[in-house]
Protein chains: 2
Amino acid sequence: MLHAVIPAGGSGTRLWPLSRSNHPKFLHDLTGAERSLLQSTVARLAPLADADRTYVVTGTAHATPVARQLPAVPDRNLLIEPSPRDSCPAIALAAAVIAERDPSGIMGSFHSDHLIPDEARFVETVRTAMRLARDGYLMTIGLKPTAPETGFGYLRCGDPLDGGMVLREFREKPDKATAQSYVDAGYLWNSGLFVWQVSTFLGELARQQPKLHDVVREIAAAWDTPSREELIGRLWPELPKISVDHAVMEGAAAAGKVAVVPGDFTWHDVGDWDTLAEVLESDVDGNVTIGSGEVLSIDTTNTVVVPKGGRLIATVGVRDLVVVDTDDAVLVCPRNRAQDVKKLVDELKARGDRAHT
Amino acid sequence: MLHAVIPAGGSGTRLWPLSRSNHPKFLHDLTGAERSLLQSTVARLAPLADADRTYVVTGTAHATPVARQLPAVPDRNLLIEPSPRDSCPAIALAAAVIAERDPSGIMGSFHSDHLIPDEARFVETVRTAMRLARDGYLMTIGLKPTAPETGFGYLRCGDPLDGGMVLREFREKPDKATAQSYVDAGYLWNSGLFVWQVSTFLGELARQQPKLHDVVREIAAAWDTPSREELIGRLWPELPKISVDHAVMEGAAAAGKVAVVPGDFTWHDVGDWDTLAEVLESDVDGNVTIGSGEVLSIDTTNTVVVPKGGRLIATVGVRDLVVVDTDDAVLVCPRNRAQDVKKLVDELKARGDRAHT
């Protein structure tokens, strides 16, 4: 069995006005599945990890909705960070807590807000990663590029293993020309999905980030005791804000300790209303409706309509448009400007509008 | 002094979702004036008719909001039709009631839902019409065409009078080519604004529509008595549905009894969101906001945004669009499809959706 760790953070501002600081995208049903992205993530991992082996690392602002959305996950598996410290402290704390309970255990780290329609292939890929993780590799899942995307990091692979390859190098998000050269050279997209033995990871953490290692081990040792709150409250604020990629994975790759499993499944970073709609089912006119509210469309094509405010949304003569209705805000923008929804949120924040952000 | 009669009916479906069957456009503030179109109409007529001489003819569905919006107008001047019978019975009833109170009085009939920005010229034109009405003409106000509109009737004028012309003929709404020929021939638009002595009008009514005349006279004689309700309830349903144009004005014109005063004021039939916005002030980017709700626009031009639902309306990257938010419905359509809002309302009615129509 796997210990499945789900860091649940980020606000998803490009999915405003549904996604808010205090209710970010992973808490929402964005697919009509009648469960949130977080709940879908837990369900997808169920063949690998039961609720007792499912962990969520989240901030104080989201602890309550996370707990309510996942009633089967034990309290002691909901790791609440006193303040955000980027991904390394979050993942390291989870690894250390798991190591206390299952020193030879294998954990995976999974995004809370991604869509992976082909669940069977995803599970198979994770199982392959678990097998190689037992050989002492820090495993990352690589995905075959379908385009020279500049929004992803890339993986330069080396010697073959049974079911994977040793990783030679992580490559940061490239520019367009560089991305094309990566695709031509057979590099894979870095999914950010990791699998490893907790002992392997904590060994690399001790080697590269000894102070961070010692702090999370100290907190983890007290996790299931009355000292947890005092300890984490005192020690956590002193931890650096650092990603697991920079803090551990890059150094481990340089030492030949990272390997890649190529994933043969489609995978969607639900970034904005346009890309979200692309992976959902549309009607004959190309219109995607997200949510079960009332919609009336006449001569309307290729729209994304999100009736989440309890109102009728009516359109006539429109195309390629996003219309989102929530209790306190309405968004209208063209699909090809969906990235710019972030600008609206930035402007609202600049105005000090806490109600709508 | 004038007796000002305002028939207040019609639903204004092209101004949906603000305008509804039970709360049509004349009851709404569509201009940011902080008063409804009906209240603006009464205010515009104030130099001509005080509240005691202001009359509204309306249906049972709108009697309550009309009464509340016009607290200064006496109860006995709010004429409530038991059922809609088009414009002739409504105007005839008002004429008959006024004749009971002021047999030599002059009345005018004015639209409840039009915009006339130049109020001084409007008042001056009505005064000219009142002067000619004293000579025994049924007066209509004609407007100089600015384009070969097919949505208006036209007036073919004849011999000059002091301040006006005798009307030779009403012409129905024409096709485009005919409209152009009318404009070239100097025809005027028919505003549908009438002024006459009630005795002149009732005389023509008796000549052309004797039964209708007798019924409204009988009801009017009992108006300020306890018999009003019983009489109107019994007699009104038997009246024909007929417009004042067909029932009286066309026949009167043929008899040389109609004259025209040319109006030198701009005049707007607030038909749809696009034409409404054209007469309102826009910001530097051509955006018109109707209402005082919160709007956030980035890279947005030439839009009509109506925040009447208490929500923030946010747009990014849109142009030439109408966005209307109300308590229970959101409309999005291009400005050049504003006419087709009627199709949405027709579809809602076909579905039996009473809540949104």
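What follows is a short chat about the domains and the chain contact in a predicted model.

Visitor: Ground rules before we start?
Guide: The model is predicted, so local features need pLDDT of at least 70 and side-chain atom pairs pLDDT 80 or more, while totals for chains, interfaces and linings use all residues. Residues are numbered from 1 along each chain as its sequence is written, chains are lettered from A and ligands numbered from 1 in written order, and side-chain values use heavy atoms, without hydrogens and water.

Visitor: Which domains does the assignment give for chain A?
Guide: Domain 1 covers 3–269 and domain 2 covers 276–350; such bounds come from an automatic or database domain assignment. Their centres, taken over C-alpha atoms, are 31 Å apart.

Visitor: And what does UniProt list for chain A?
Guide: An unreviewed entry lists "domain: Nucleotidyl transferase" at residues 4–282. UniProt positions follow the numbering used here, feature names are shortened, and annotations may be inferred rather than shown by experiment.

Visitor: How many residues make the contact between the two domains of chain A?
Guide: Domain 1 of chain A gives 13 residues and domain 2 of chain A gives 18, with contact meaning heavy atoms within 4.5 Å.

Visitor: What area is buried there?
Guide: About 1400 Å² between domain 1 and domain 2 of chain A, with carbon and sulfur atoms giving 71%. Buried area is the accessible area (1.4 Å probe) that two parts lose on being put together, summed over both. On the domain 1 side, A:Thr13, A:Arg14 and A:Trp16 lose the most, together 42% of what that side buries.

Visitor: How many salt bridges between those domains?
Guide: One. The term needs a side-chain nitrogen of Lys or Arg within 4 Å of a carboxyl oxygen of Asp or Glu. A:Arg20 forms a salt bridge with A:Asp328, the closest N and O atoms being 2.7 Å apart.

Visitor: Switching to the chains: how many residues does each give to the contact?
Guide: Chain B gives 36 and chain A gives 36. The area buried between them is about 2800 Å², 68% of it from carbon and sulfur atoms.

Visitor: How many salt bridges between chain B and chain A?
Guide: Four. B:Asp299 forms a salt bridge with A:Arg337, with 2.8 Å between the closest N and O atoms.

Visitor: Which element gives the largest share of the chain B side?
Guide: E17(B), with six residues. Strands (E, at least two residues) are DSSP runs numbered from the N terminus, as are helices (H or I, at least four).
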